[in-house]
Amino acid sequence: MKIYKYPKGKNLSLLLTRPLMDTGLLEEKVAKILREVKSKGDSALKKFSLQFDQVKLKTLQVSDAEIQNAILQISPDLKNAIKLAAKNIKTFHASQSEKYKKVETTSGVSCWRKAVGIEKVGLYIPGGTAPLFSTVLMLGIPAALAKCKEVILCTPCDKNGKINPAILYAASLVGIKKIYKVGGAQAIAAMAYGTESIEQVYKIFGPGNQYVTCAKQLVCKEGMAIDMPAGPSELAILADSSCEPAFVAADLLSQAEHGADSQVILISQEEKVINKVKQMVLTQLEELPRKIIAKKALENSKFILVKNLKEGIDVVNAYAPEHLIIACKKAEAIGEKITNAGSVFLGNFTPESAGDYASGTNHTLPTNAHARAYSGVSLDSFLKKITFQKITEKGLNKIGLAIEIMAATEQLDAHKNAVSIRLKKK
């Protein structure tokens with residue numbers, strides 16, 4: 001955890017660069033998996049399950065009996081926690097629904113939009129060292145609100161062919177019935193191309209390791225829609241003297257424990273704050289079960305000392321973090337000046353963990369500076385907007401001449417004639 005004092009210009013740009021990975025070999029490996037699943041279907045999926053997960057599967061789909069058995073294994077406390085989170089996520093995402101109205105752009109010319117749920121969507125849920133059942137809620141709830149007709153879920157199983165019970169319970173709670181014991185790049189291939197058991201979808205959602213991320217990017221090149229470019233998780237914290245150093249340290253570690261390739265950054269104009277937080281991080285780190293993972297991630301962490309708050313805000317916007325915590329006295333006012341971030345957490349009592357689980361916002365967010373141009377997953381992610389227009393004879397008379405002139409200028413005479421033939425009709 002190195003402290004960088006007052007970086008500027010090229011030095012700052014280099015400092016904010018994410019750790020680079022050699023993707024050449026990775027893409028080659030993933031492309032081979034994609035090709036095999038595309039050509040051999042279920043047999044390839046079973047082969048890769050044996051090769052990568054050491055499990056021999058007879059069937060890929062989770063049975064109703066397995067789902068019911070999983071529900072029985074969930075404690076009442078965990079069920080209540082998941083239900084609370086689901087309620088808040090549903091409330092927040094339902095509020096994103098828009099009512100569209102007809103707009104008369106010119107007398108006799110009406111235009112409007114209609115939102116339609118994407119018919120077939122695929123959800124990828126990681127199930128390795130941290131089975132992300134919370135992501136089932138984050139993706140399954142907006143899919144249900146959007147009224148997507150087909151929702152399938154792929155997640156890896158353990159060596160006994162079992163899926164984490166919490167994942168199955170969450171899926172059942174949000175109404176997902178088609179669940180498959182397939183993980184990794186092969187799961188993305190199955191949803192992108194379709195196999196004997198798994199139906200091809202129109203858009204793929206969900207986080208994953210470097211193989212999953214690479215697979216999503218490769219199938220996107222072939223025309224498959226994906227939620228967003230995503231990579232290792234990251235958190236930036238902007239803090240001043242009003243912050244609680246122990247809280248800030250806990251937040252940094254909460255993100256660092258995601259994976260060895262995660263990145264956390266602290267930005268402050270107070271050197272005392274940085275030193276206190278650094279000491280708290282070292283103290284709290286020793287108590288973590290995932291200490292080895294978090295410690296590795298902290299090697300990519302940076303503590304940046306800036307001259308003033310404005311410079312700190314500029315650093316945040318240049319970094320464009322997936323998650324941003326503003327642990328400052330005037331957090332909400334500062335938040336108004338943030339232009340690049342996936343999700344923002346304001347004040348000392350708003351931990352990033354709240355957004356990961358139960359506040360109601362979505363935790364599927366753009367990483368690797370993609371927050372400069374991408375939003376996180378929302379209800380809109382599961383919808384497509386179709387535009388409509390209706391023009392009366394009077395309306396066409398009003399805009400027809402403009403269309404004819406523009407079409408003729410672009411030398412598209414058939415376009416011009418499509419209007420002219422109507423204007424001449426008496």
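# Exercises on two sheets, salt bridges and cysteines

Helix H8 (residues 184-193) lies across strand E4 (120-124), E5 and strand E7 (203-205), and its direction runs at about 175° to that of E4. Helices (H or I, at least four residues) and strands (E, at least two) are DSSP runs, numbered from the N terminus. Contact means heavy atoms within 4.5 Å, while axes are lines fitted to C-alpha atoms, for helices over the stretch in contact, with angles from 0 to 180 degrees between N-to-C directions.

The model is predicted, so that local features need pLDDT of at least 70 and side-chain atom pairs count only at pLDDT 80 or more, whereas totals for chains, interfaces and linings use all residues. Residues are numbered from 1 along each chain as its sequence is written, and side-chain values use heavy atoms, with hydrogens and water left out.

## Exercise 1: the sheet beneath H8

Work out the order of the 5 strands in this open sheet, and find which strands stand at its edges.

**Step 1.** The order is E6-E5-E4-E7-E8, and the pairing is parallel; two strands pair if DSSP finds at least two bridges between them.

**Step 2.** Strand E6 (178-180) and strand E8 (225-226) each have a single partner strand, so one side of each is left without a neighbour in the sheet, and these two are the edges.

**Step 3.** At the E6 end, strand E5 (residues 150-154) pairs with E6 in the parallel sense over 3 bridges, and there Cys154 stands opposite Tyr180 in E6.

## Exercise 2: the second sheet

Describe the open sheet of 6 strands, together with the helices H10 and H13 that pack on it.

**Step 1.** The strands follow one another as E1-E11-E10-E9-E12-E13, with parallel pairing. The edge strands are E1 (2-5) and E13 (343-346), each of which has a single partner strand and so keeps one side without a neighbour in the sheet. Direction ignored, neighbouring strands of this sheet are turned by 20° against each other on average.

**Step 2.** E9 pairs with strand E12 (residues 323-327) in the parallel sense over 5 bridges, and Ile237 stands opposite Ile325 in E12.

**Step 3.** Helix H10 (residues 245-256) packs on the sheet and touches E9, strand E10 (263-268), strand E11 (302-305) and E12, its direction making about 170° with that of E9. Helix H13 (residues 309-319) also packs on the sheet, touching E9, E10, E11 and E12, and its direction likewise makes about 170° with that of E9.

## Exercise 3: salt bridges

Find how many salt bridges there are, and follow some of them along the sequence.

**Step 1.** A salt bridge is a side-chain nitrogen of Lys or Arg within 4 Å of a carboxyl oxygen of Asp or Glu, and by this rule the count comes to 14.

**Step 2.** Glu234 and Arg18 meet through their side chains at 2.7 Å, N to O, in one of these salt bridges. Glu234 lies in strand E9 (residues 234-239) and Arg18 in the loop between helix H1 (9-15) and helix H2 (23-40), so the pair ties together parts that are 216 residues apart in sequence. Both residues are buried; buried means under 20% relative accessible area, exposed over 50%, and partly exposed in between (1.4 Å probe, protein chains only).

**Step 3.** Lys178 and Glu199 meet in a salt bridge of 3.9 Å, N to O. Because Lys178 lies in strand E6 and Glu199 in the loop between H8 and E7, this pair ties together parts that are 21 residues apart in sequence. Lys178 is partly exposed at 29% relative accessibility, and Glu199 is partly exposed with a relative accessible area of 29%. Lys120, Glu150, Lys178 and Glu199 are linked in a network of salt bridges.

## Exercise 4: cysteines

Decide how many disulfides the structure holds, and then examine Cys154 and Cys220.

**Step 1.** A disulfide is a pair of cysteine sulfur atoms within 2.5 Å, and a search of the whole structure finds 0 of them. Cys154 is in no disulfide, the nearest cysteine sulfur, that of Cys157, being 11 Å away.

**Step 2.** Cys154 is buried, with a relative accessible area of 0%, whereas Cys220 counts as partly exposed at 35% relative accessibility. The sulfur of Cys220 is 12 Å from the closest cysteine sulfur, in Cys214, which is too far for a bond.
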